[in-house]
Protein chains: 2
Amino acid sequence: MAAAKSDLPQGTLDLLILKAVAVEPVHGYAIAQRLEQVSRGVVQVPEGSLYPALHRLENRGFLAADWKKTETGREAKFYRLTRKGRKQLETEAASWQRLIEAVGLILGVADGGAQ
Amino acid sequence: MAAAKSDLPQGTLDLLILKAVAVEPVHGYAIAQRLEQVSRGVVQVPEGSLYPALHRLENRGFLAADWKKTETGREAKFYRLTRKGRKQLETEAASWQRLIEAVGLILGVADGGAQ
DNA sequence: TGTCCATCCCTTGCGCTTCTAGGCATCTTC
DNA sequence: GAAGATGCCTAGAAGCGCAAGGGATGGACA
């Protein structure tokens, strides 16, 4: 059923996470909340997707993490973008742009089914 | 020049195939060529991705197929959109729109949206 | 005639990512 | 001290795209 739930296409999550972290160091739980909020609920990131993704990105050197206290007084792992990660963010953002342009061409070019 | 190789995110291929078939019945080989051509080489569909995808879509009742002769005189499997498939195309196209808008919000690509 | 290339179809197995479904620990509130 | 929110994590299953195989046909060309 077409709920607001939108399974993210493979690879997109990485891009979104990198972008979310680029602004300022954030911890995982807040990343999910921020993505959902900014996207107006369209993007929903279950924790089972989020944390593995964060670990992947950290393993590849795109993110680095430090434990700090949150506003609520709890210890949390704050991720920040490395230099390599910033470059990766640019690359993926460019790829994304190229992709949506290409898909746009395909979806829009043939006026055959234009409603 | 280096072709812009772009691994398609999971699920995107279905949408593109449905759209390609929507205009008129086409056979698999031509679908791949058309997608690559219309997208200006950005979208490339290897046969190992294409045919399984076609079979999936046929299995789910989104596509139907008939063997016909091509212009070049060879037998080929021409796929066409079923009623269910057309509905699916609309659904997926809408999902895609919603997604790129959401990602756009997060990336801040909208003019002045960044902050 | 025989060979090569382009066209056209297909399958298997791998790798990758996402999601479901759990568990664990801390802090606040009642 | 129980409950709920916060915050982190893992294991397993499922799905999809891709590389790398293979086969069959028709036309071009020597």
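**Notebook: two protein chains and a DNA strand**

I began with charge pairs: the count between chain B and chain A is zero salt bridges (a side-chain nitrogen of Lys or Arg within 4 Å of a carboxyl oxygen of Asp or Glu). I note that this is a predicted model, where local features need pLDDT of at least 70, side-chain atom pairs count only at pLDDT 80 or more, and totals for chains, interfaces and linings use all residues. Residues are numbered from 1 along each chain as its sequence is written, chains are lettered from A and ligands numbered from 1 in the order in which they are written, and side-chain values use heavy atoms, with hydrogens and water left out.

**Entry: where the chains meet**

I next looked for polar contacts (N or O atoms within 3.5 Å; within protein, one able to donate a hydrogen and the other to accept it, and residues adjacent in sequence counting only if both atoms are side-chain atoms). Across the interface of chain B and chain A I found one such residue pair, both at pLDDT 80 or more.

Which element gives the most to the side of chain B that touches chain A? I found that α4(B) does, with nine residues; helices here are DSSP runs of H or I with at least four residues, strands are runs of E with at least two, and both are numbered from the N terminus. I sorted this side into 19 nonpolar, three polar and three charged residues. Nonpolar means Ala, Val, Leu, Ile, Met, Phe, Trp, Tyr, Cys and Pro, charged means Asp, Glu, Lys and Arg, and the others, Gly among them, are polar.

I also looked up the buried area (accessible area, 1.4 Å probe, that two parts lose on being put together, summed over both). Chain B and chain A bury about 2700 Å² between them, with 81% of it on carbon and sulfur atoms.

**Entry: the DNA**

I turned to DNA strand D and found 28 residues around it, the closest being Tyr29(A), Tyr51(A), Gln10(B), Ser49(B) and Arg56(B) (near means a heavy atom within 4 Å). Sugar and phosphate make up 68% of the strand D atoms that come within 4 Å of the protein.

What lies 3.0 Å from a phosphate oxygen of DNA strand D? I found a polar side-chain atom of Thr72(A) there, and a polar side-chain atom of Lys77(A) also lies 3.0 Å from a phosphate oxygen. For Gln10(B), a side-chain N or O atom is 2.7 Å from a sugar or linking oxygen of the strand.

I noted that α3(A) gives the largest share of this surface, four residues. By class, I count eight nonpolar, twelve polar and eight charged residues near the strand.
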